[in-house]
Amino acid sequence: MTDDVTVLEDEIEAYADNTVARIRILDVPESDKFPEGVKYALHYGEAGGDTPIIRFDNHHGVHELHTGSHVYEIDYPGLDAIYRAWRAALPEEKRTDW
């Protein structure tokens, strides 16, 4: 990671049912790829699995929602709205961890 990238949040929770939830948010320089100056991933899925149960990210500069093997390009409503949508999609008993 370069000096102009700051980790704002990086949390992970592993569960007994072999699922994992992770939030990683980076402050990055504003650019054509990341005009908001943020790079993020909010993930929930099977530990070590290739396909998420649900994931929001903009790793490639495009804001995406991943559900299973489906990927949808989404508008960017802001990190708060994305976080609320991600948290709401978690199983109810896991929401209290977030």
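# Rings, core and strands

Reader: In which helix do Tyr83 and Trp86 both lie?
Author: The two residues are three apart in sequence, about one turn of the helix. Helices (H or I, at least four residues) and strands (E, at least two) are DSSP runs, numbered from the N terminus. Tyr83 and Trp86 both lie in helix 1.

Reader: What kind of model is this?
Author: Residues are numbered from 1 along each chain as its sequence is written, and side-chain values use heavy atoms, with hydrogens and water left out. Local features need pLDDT of at least 70, side-chain atom pairs count only at pLDDT 80 or more, and totals for chains, interfaces and linings use all residues, for the model is predicted.

Reader: In what order do the elements of the chain run?
Author: The secondary structure comes to two helices and six strands. Read from the N terminus on, the order is β-β-β-β-β-β-α-α.

Reader: What is the radius of gyration of the chain?
Author: The radius is taken over C-alpha atoms, and the globule rule is 2.2 Å times the number of residues to the power 0.38. For 98 residues that rule gives 13 Å. The chain comes close to this, so it is as compact as a globular protein of that length, with a radius of gyration of 14 Å.

Reader: Is Tyr83 buried or exposed, or partly exposed?
Author: Buried means under 20% relative accessible area, exposed over 50%, and partly exposed in between (1.4 Å probe, protein chains only). Tyr83 has a relative accessibility of 26%. That value makes Tyr83 partly exposed.

Reader: And Trp86: buried or exposed?
Author: Trp86 has 0% relative accessibility. It therefore counts as buried.

Reader: How many aromatic pairs does the whole structure hold?
Author: Rings of Phe, Tyr and Trp (its six-membered ring) pair if their centres lie within 6.5 Å. Planes under 30 degrees apart count as stacked, over 60 as edge-to-face, and the rest as tilted. A search of the whole structure finds this many aromatic pairs: three.

Reader: Why is the pair of Tyr83 and Trp86 called tilted?
Author: The ring centres are 6.2 Å apart. The pair is tilted because its planes stand at 40 degrees.

Reader: Which parts does the pair of Trp86 and Trp98 tie together?
Author: This pair is edge-to-face, at 5.3 Å centre to centre and 80 degrees between the planes. The two residues are twelve apart in sequence. The pair ties together helix 1 and the segment after helix 2 (92-95).

Reader: Which residues do ring pairs link into a cluster?
Author: One member, Trp98, is buried, with a relative accessible area of 15%. Contact means heavy atoms within 4.5 Å, and Trp98 touches several residues beyond four places away in sequence, including Glu11, Ala21 and Leu90. The cluster holds Tyr83, Trp86 and Trp98.

Reader: Which strand gives the largest share of the largest nonpolar core?
Author: A nonpolar core is a set of buried Ala, Val, Leu, Ile, Met, Phe, Trp, Tyr and Cys residues joined through side-chain atoms within 4.5 Å. The largest one has 15 residues, and Tyr40, Leu42, Phe56, Trp86 and Trp98 have the most contacts inside it. Two or more residues come from each of strand 2 (19-27), strand 3 (38-46), strand 4 (52-57) and helix 1 (79-89). The largest share, four residues, comes from strand 3.

Reader: Which residue in strand 4 stands opposite Leu42?
Author: Two strands pair if DSSP finds at least two bridges between them. Strands 3 and 4 pair in the antiparallel sense over five bridges. They form a hairpin with five residues between them, and Gly48 in the turn has a positive phi of about 75 degrees. Opposite Leu42 stands Phe56.

Reader: Which residue in strand 5 stands opposite Phe56?
Author: Strand 4 and strand 5 (residues 64-67) are antiparallel, with three bridges. This hairpin has six residues between its strands, and Gly61 in the turn has a positive phi of about 90 degrees. Phe56 stands opposite Leu65.

Reader: How many residues of strand 4 are buried?
Author: Strand 4 has six residues. It is largely enclosed by the rest of the structure, because the number buried is five.

Reader: Over the face of which residue does Lys94 lie?
Author: Lys94 is found in helix 2 and is buried, with a relative accessible area of 4%. A charge sits over a ring if NZ of Lys or CZ of Arg is within 6 Å of the ring centre and within 35 degrees of the ring normal. Lys94 is 4.6 Å from the centre of the ring of Tyr15.

Reader: What is the phi of Asn18?
Author: Asn18 is in the loop between strand 1 (6-14) and strand 2. Most residues other than glycine have a negative phi. Asn18 is not a glycine, yet its phi is positive, about 70 degrees.
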